[in-house]
Amino acid sequence: MNLIPQSRNVTTSPETDCPLGGVGTGLSRFVLGPRDERFAIDHGHPSHAIEVDALSFDASSEREAGGMLVCVHQGEAKLLGAAGRWTLPAGHMVFIPSERSYRLASARPVHLTLVKFTRSESIWRHPGCWAVLMSPLAIEMASFARRWGADRDPTDTIANDFFRTMGQLLSIWFDAKRKMWTPFSNDPEMAYAIAFARQNLETASITDAAHAAGMSERTLRRRFKDELGISWREFINEARMSEAIKLLREGACSVTQTAYAVGFNSVGAFSVAFTAYTGSTPRSFARR
């Protein structure tokens with residue numbers, strides 16, 4: 001799929017830039033991978049948790065009846081949804097609300113905990129999926145939850161109280177701004193502006209992106225707010241941090257090279273921004 005006019009020299013691909021692919025409009029263009037039953041939420045089961053320790057996986061769902069908390073302990077997972085894509089490094093978690101289409105995949109070894117809520121225990125106030133750094137409490141509770149699998153006794157009051165408490169804690173754990181998120185737009189002009197910015201992170205400005213997409217800077221600022229729900233500044237920070245995470249995980253670039261590659265003028269400024277975003281310094285993240 002190519003949403004960008006052929007005369008403009010910016011490329012997109014369903015795998016890297018756009019979580020939707022194929023033909024048509026809206027969710028009909030959602031690219032689903034194979035259905036992996038480990039990730040499917042069966043509403044006939046009580047709320048439970050499972051551990052996934054796999055060399056790779058590709059799981060999809062057109063809709064799930066209950067919400068699912070995905071905790072990444074080791075490795076990295078990619079989540080694709082109708083509104084954007086998330087890159088989830090180790091130590092982070094994402095909540096996929098009920099009735100949301102998604103594709104969750106990893107091409108490398110990864111260790112996850114999936115907490116599946118089937119009894120409306122989760123309290124969720126955000127639009128769509130959300131990703132955050134796992135708190136020490138979240139890490140401990142995710143690990144503890146694995147003692148109750150899909151075949152557990154649905155009348156177990158301790159388990160029921162545990163998952164009810166965990167579902168209520170979501171509103172506390174996910175109280176910060178949306179992170180690890182690269183937005184997607186069905187509109188060709190907005191899709192072009194997003195693609196242009198992501199491919200020119202080192203020098204991209206809203207003036208350049210607006211000019212490349214054929215609209216005024218004022219219009220682009222307004223449309224980011226109105227259509228994506230974030231400001232240009234928030235978007236470009238998300239894009240830079242996502243690319244920095246990728247470069248540091250691949251190990252091909254030093255911290256200094258990464259800082260300049262994603263548009264920072266100094267390593268110090270990059271380190272402050274990266275630490276605020278991930279909870280880890282660039283060097284610590286790269287070592288881990």
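This passage describes a five-stranded sheet, the helix lying across it and a pair of helices in a predicted model. Local features were considered at pLDDT of at least 70 and side-chain atom pairs at pLDDT 80 or more, whereas totals for chains, interfaces and linings use all residues. Residues are numbered from 1 along each chain as its sequence is written, and side-chain values use heavy atoms, with hydrogens and water left out.

Five strands (DSSP runs of E, at least two residues, numbered from the N terminus) form an open antiparallel sheet in the order 1-8-3-6-9, where pairing requires at least two DSSP bridges between two strands. Strand 1 (48–54) and strand 9 (130–133) are the edge strands, each pairing on one side only. Within the sheet, strand 3 (residues 68–74) and strand 6 (residues 92–96) pair over five bridges in the antiparallel sense, and Val72 stands opposite His92 of strand 6.

In strand 8 lies His111, which counts as buried at 14% relative accessibility (buried, under 20%; exposed, over 50%; partly exposed in between; 1.4 Å probe, protein chains only). Beyond its neighbours within four places in sequence, His111 is in contact (heavy atoms within 4.5 Å) with residues including Glu51, Asp53, Cys71, His73 and Arg146.

Helix 3 (residues 188–199) and helix 4 (residues 206–213), helices being DSSP runs of H or I with at least four residues, pack at about 135 degrees with their axes 9 Å apart; axes are lines fitted to C-alpha atoms over the stretch in contact, and angles run from 0 to 180 degrees between N-to-C directions. Glu189, Tyr192, Ala193 and Phe196 of helix 3 meet Asp208, Ala209, Ala212 and Ala213 of helix 4.
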